[in-house]
Structures are given as C-alpha cells and as structure tokens.
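Student: I am new to this structure. Please take a close look at one part of it, the aromatic cluster, and explain how that part sits within the rest.

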Amino acid sequence: VEQKVTVRKTIQDSLPSLLIDPEQMKTCFMNVLVNALQAMPSGGKLDISGGRNGDGFLSVSFADTGGGIPAEQLPRIFEPYFTTKSAGIGLGLAITKRIVEEHGGEIHVQSEVSKGTTVIFRLPVSL
C-alpha cells in the first residue's frame, strides 16, 4: 500500500560529533519514524531536521501532519505499555526515552489533534 507521505530533510552542514551508540540511536529514530508514518495512513508530510542550537546540544526533529495526540494522553506517551494504536505494545517511546536519557539527552513531544506531532531529540555534543 502506497502511503503518499512526502519527506523533507533539512540538515545543517558540518554537524559536530556525538558520543552515541549508533545502533541504539537508529532504534530511537526508527521508533519515531514508524509512529509518524502510522499517524498518516492516508498520506501527509514528514519534516526531518537536524542542527546545532549553540547550547551544546544537537537537535533532531521529526514533524508529521498526522492525527496528533490528544492533550490528555500526551503526558503518558513515554509510559511502558501505553499505546493509542490498535497494533503495537506501547514500548517504542518508553525505550526511546530511556536510550536518549542514557546518552545525556532529552526528548520532547509537541502535538495537536488534527494537525500533527513533532518529536524533538536533544543530544549533547562531544567536546
């Protein structure tokens, strides 16, 4: 089934090095990517951007135009086994948050029903 999701990638040139486990971070990004695609079953836009903020962190964000997450559910999305979907067991974001925090980083989610969701990773830059 073709989803008709348009992906736009905006990454700053010459990004700094990060002290991360690339496989674990790939898992985090894939969890968020899969969630974004599942939130847009009839198509939409996904903007992926990355860059340095000047505050010692590198930010990577995934912004989709999916259905969004209701405000009352937003505080629970990182809880193990919490899910808003019929498929899945609700561990993806819980694992993602744990991995990001173990790397000294942060993960933030902004969402509005019918407008979409943005997930922002903030990872510390190696000195």
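Tutor: In this predicted model, residues 24 or more positions apart account for 65% of the contacts in the protein with a separation of 6 or more. The aromatic cluster gives particular cases of such links, but the setting comes first.

The secondary structure comes to two helices and five strands, and along the sequence these follow the pattern β-α-β-β-α-β-β. For 127 residues, a compact globule would have a radius of gyration near 14 Å, and the 15 Å of this protein agrees with that. Its C-alpha atoms fill a box of roughly 45 × 30 × 25 Å along the principal axes. Of the 127 residues, 32% are buried.

Now the cluster. The structure holds three aromatic pairs. One of them joins Phe29 and Phe62; this pair is tilted, with 5.5 Å centre to centre and 50° between the planes. Phe29 belongs to helix H1 (residues 22–38) and Phe62 to strand E3 (residues 57–64), so the pair links distant parts of the chain, 33 residues apart. Another pair is formed by Phe62 and Phe121, and it is edge-to-face: 6.0 Å centre to centre, 75° between the planes. Because Phe62 lies in strand E3 and Phe121 in strand E5 (residues 116–124), this pair ties together parts that are 59 residues apart in sequence. Ring pairs thus link Phe29, Phe62 and Phe121 into a cluster.

How well covered are these rings? The cut-off for buried is under 20% relative accessible area. Phe29 has 23% relative accessibility, so it counts as partly exposed. Phe62, at 6%, counts as buried. Phe121 is buried too, with a relative accessible area of 0%.

Phe62 takes part in both of the pairs described. Leaving aside neighbours within four places in sequence, Phe62 is in contact with Phe29, Val32, Leu46, Asp47, Ile48, Thr117, Thr118, Val119 and Phe121.

The next step out is the nonpolar core. In soluble globular proteins, nonpolar side chains tend to be buried together. Here the largest nonpolar core has 23 residues, and Phe62, Ile77, Val100 and Phe121 touch the most other members. Two or more residues of this core come from each of H1, strand E2 (44–52), E3, helix H2 (92–102), strand E4 (106–112) and E5. H1 gives the largest share, four residues.

Helix H2, where Val100 is found, has Leu93, Ala94, Thr96, Ile99 and Val100 as buried residues. An α-helix has 3.6 residues a turn, so residues three or four places apart point the same way. What covers the buried residues of H2 includes H1, E4 and E5. After H2 comes Gly104, with a positive phi near 80°.

Other phenylalanine rings have charged partners. Arg122 lies over the face of Phe57, at 4.2 Å from the ring centre. The charged end of Lys97 sits over the ring of Phe78, 5.7 Å from its centre.

As for the outside, the protein exposes about 7,800 Å², of which carbon and sulfur atoms supply 55%.

Notes:
Residues numbered from 1 in each chain as written. Predicted model: local features only at pLDDT ≥ 70, side-chain atom pairs only at ≥ 80, totals over all residues. Heavy atoms only, no water. Phe/Tyr/Trp six-rings, centres within 6.5 Å; stacked < 30°, edge-to-face > 60°. Buried < 20%, exposed > 50% of the residue type's maximum accessible area, 1.4 Å probe, protein only. Lys NZ or Arg CZ within 6 Å of the ring centre and 35° of its normal. Core = buried A, V, L, I, M, F, W, Y, C linked by side-chain atoms within 4.5 Å. Contact = heavy atoms within 4.5 Å. Rg over C-alpha atoms; globule rule 2.2 N^0.38 Å. Areas by Shrake-Rupley, 256 points an atom, 1.4 Å probe, with all protein chains shown as cover.
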